[in-house]
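Hi,

Here is the structure I promised to pass on. Have a look at it first, and then read my notes below.

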Amino acid sequence: SLVSPPPTGQVLTAEELNVLYEGIKLNKVNHYDYILTGYCRDQSFLEMVVDIIQGLKKANPSLIYVCDPVMGDHGAMYVPEHLLPVYKDKVVPLANILTPNQFEAELLTGRKINTEEDAVEVMDLLHKMGPETVVLTSTDIPSKNGDQFLVALGSHKIVKPDGTKTNQKIYMDIPKVDAVFVGTGDLFAAMLLAWTHYHPKDLKMACEKTVSVMHHVIKRTITYANEMAGPGKRPSPAQLELRMVQSKADIENPAIIVEAKIIQKPSH
């Protein structure tokens, strides 16, 4: 088996993050339209992120905060457990768009997901916590198309100009790829941010484009990795680095390979 050498370098501390933010404020460049957060394993750092986002939302009330609540997968947490209440009570209520996997959604709501109906309920519970848009990036729900597919779901709450609320819920079957990549979760959250910017009222289209970009990047990566590794050999982590630059055209204008299905018509 391939064992990667341990990563090296420094981890930014909460205090260092605050110094950077103070500098941004002093230079009056603290007007942001979007903030995206991902993996964080330090409580004081996460709480500093919350303080900064509150400040940035004061400076620009229409700022959109996209939160990927990276805590674990397949039933195991890979951040300290005491981060969960910080996410629940402080981070998620600030988020406009939330991209948990099934395990993270279960942690945040205390509810298990076994069926599509469970997933819909969990997304509604997450809406109640704050975010208008929730995407369950991967689930263990069996796909109707067989075990070569992964099920993802999304939900978007819309308040119409007359004050009535509607809700778009979607379901997607995503083709599985037999390899382990680093950075796919980050890419998903970044692409969802970009495509919801272009399609703010159409989660179906934003998710189709996001998942299609993922598909093209991963396909290009696995093709390249297999070529580099040679026949019958498993590619190394270096060969499986996502082919982002080479996928520029697909990222900007992806051919749609997955169609999202609407689960339930907007309720008036």
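Let me start with a glycine: Gly130 comes right after helix α5 and has a positive phi, near 150 degrees. Keep in mind throughout that this is a predicted model.

Now the helix itself. α5 covers residues 116-129. With 14 residues at 1.5 Å each, α5 should span 20 Å, and its end C-alpha atoms are indeed 20 Å apart, so the two agree. Which residues of α5 are buried? They are Ala119, Val120, Val122, Met123, Leu126 and His127. These buried residues take up an arc of only 165 degrees around the axis, so they sit on the same side of α5. Glu117 and Lys128, on the other side of α5, are exposed.

Next, strand β6, at residues 133-139. Most of β6 is covered, with six of its seven residues buried. β6 has pairing partners that you can trace in the viewer:

- Strand β5 (residues 97-98) runs parallel to β6, and two bridges join them. Here Leu98 is opposite Val134 of β6.
- Strand β7 (residues 149-159) pairs with β6 in the antiparallel sense, over five bridges. Here Thr133 is opposite His156 of β7.

Finally, the annotation. An unreviewed UniProt entry places the feature "domain: Pyridoxamine kinase/Phosphomethylpyrimidine kinase" at residues 35-225. Over residues 35-225, the chain is 45% helix and 22% strand, and the end C-alpha atoms lie 32 Å apart.

Cheers

Methods:
Residues are numbered from 1 along each chain as its sequence is written. This is a predicted model: local features need pLDDT of at least 70, side-chain atom pairs count only at pLDDT 80 or more; totals for chains, interfaces and linings use all residues. Side-chain values use heavy atoms; hydrogens and water are left out. Buried means under 20% relative accessible area, exposed over 50%, partly exposed in between (1.4 Å probe, protein chains only). Helices (H or I, at least four residues) and strands (E, at least two) are DSSP runs, numbered from the N terminus. Two strands pair if DSSP finds at least two bridges between them. UniProt positions are given in the numbering used here, feature names are shortened, and annotations may be inferred rather than shown by experiment. The expected span of a helix is 1.5 Å times one less than its number of residues. The arc is that of the directions from the helix axis to the C-beta atoms.
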